[in-house]
Amino acid sequence: MKRNIVAGFSRFYMEKISDEGIESFSEILSLKTFKTGEVLIKRANDFTKFYVIKSGIVASFSKNLEEDKEYIRTIHVENYAFTNLFYLEKLSDNNENFSYDYFKCLTDCTLLEGNFKDFLDLTQKNHEISMLYNCINQRLLLQMLIRLDRLSLLDATKRYQVFKQRIPNIENLIPQYQIANYLNITPVQLSRIRKKLYSE
């Protein structure tokens, strides 16, 4: 049963992982379900958990404290792993807080939940899990770089098209205002883009 829970995730990040590695990793995970709108990790008070998405969509949000407005930084789908990387800021000398960051379910989700410290401890004992951890970090960094490139280099129409290629049925899964927020445009702009594309 445990192998079934994590096998797909393990293969997603590594070509080969032993039964022992899968068993060790599965022992620190539990399967949980969350409803649309539930907040999973808050920068202010949660530095302990990590998640792997089995089904559903989770987004990372940044809320501007001055404007009281939230922005969607990234959208995560099946087989994606995430945790609160702002624990690094807690360890640094930079204590300026201009934003409030958190993860929230955009749809009903089934997630694997684990203790982040247990994961780090496991990387010290098991080389395969250490490689898995490194692969996850590489994918996190790559996703952030790709996100920055798309915001900088692509116009709104192209960003929408790329997003649709990634999640073709996204309009049936989350509200239009969340899609627009992620694309860094207004809902009105998104509506115009969709109307133009569908009329071509």
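This passage describes helix α5, a pocket beside which part of that helix lies, and the surroundings of two residues, Thr 74 and Ser 26, in a predicted model.

Helix α5 comprises residues 127-153. The 27 residues of α5, at 1.5 Å a residue, should span 39 Å, and the end C-alpha atoms of the helix are 38 Å apart, which agrees with that expectation. At the N-terminal end, α5 is capped by Asn 126, a side-chain oxygen of which lies 2.9 Å from the backbone nitrogen of Glu 128. The buried residues of α5 are Ile 129, Leu 132, Tyr 133, Cys 135, Ile 136, Leu 140, Gln 143 and Arg 147. An α-helix has 3.6 residues a turn, so residues three or four places apart point the same way.

Helix α5 also contributes to the second largest pocket, where 6 residues of the lining, the largest share, come from this helix. The volume of this pocket is about 290 Å³. Its lining consists of 13 residues, and those nearest the centre are Tyr 80, Arg 139, Gln 143, Ile 146 and Arg 166. By character, the lining of the second largest pocket divides into 6 nonpolar, 2 polar and 5 charged residues. Gln 143 therefore appears in two roles, as a buried residue of α5 and as one of the lining residues nearest the pocket centre.

Gln 143 is also among the residues touched by Thr 74. Thr 74 is located in strand β5, which covers residues 69-76. With a relative accessible area of 12%, Thr 74 falls under the 20% limit and is therefore buried. Leaving aside residues up to four places away in sequence, the contacts of Thr 74 are Val 58, Ala 59, Ser 60, Gln 143 and Tyr 182. The side chain of Thr 74 forms a polar contact of 2.4 Å with the side chain of Ser 60. A further polar contact, at 3.0 Å, joins the side chain of Thr 74 to that of His 76.

The second residue considered, Ser 26, belongs to helix α2 (residues 19-26). Ser 26 has a relative accessible area of 5%, and because this value is under 20% the residue counts as buried. The side chain of Ser 26 reaches the backbone oxygen of Glu 23 at 2.8 Å. Ser 26 and Leu 112 are separated by 86 residues in sequence, while their C-alpha atoms are 9.2 Å apart in space.

Terms used: Residues numbered from 1 in each chain as written. Predicted model: local features only at pLDDT ≥ 70, side-chain atom pairs only at ≥ 80, totals over all residues. Heavy atoms only, no water. Helix = DSSP H or I, 4+ residues; strand = E, 2+ residues; numbered from the N terminus. Buried < 20%, exposed > 50% of the residue type's maximum accessible area, 1.4 Å probe, protein only. Polar contact = N/O pair within 3.5 Å; in protein donor to acceptor, adjacent residues only side chain to side chain. Contact = heavy atoms within 4.5 Å. 1 Å grid on protein atoms, 1.4 Å probe; cavity = no way out; pocket = protein on both sides within 12 Å on 5 of 7 lines; lining within 4 Å. Points joined across faces, edges and corners; volume = space filled by probe spheres on them. Nonpolar A, V, L, I, M, F, W, Y, C, P; charged D, E, K, R; others polar. Expected span 1.5 Å × (residues − 1).
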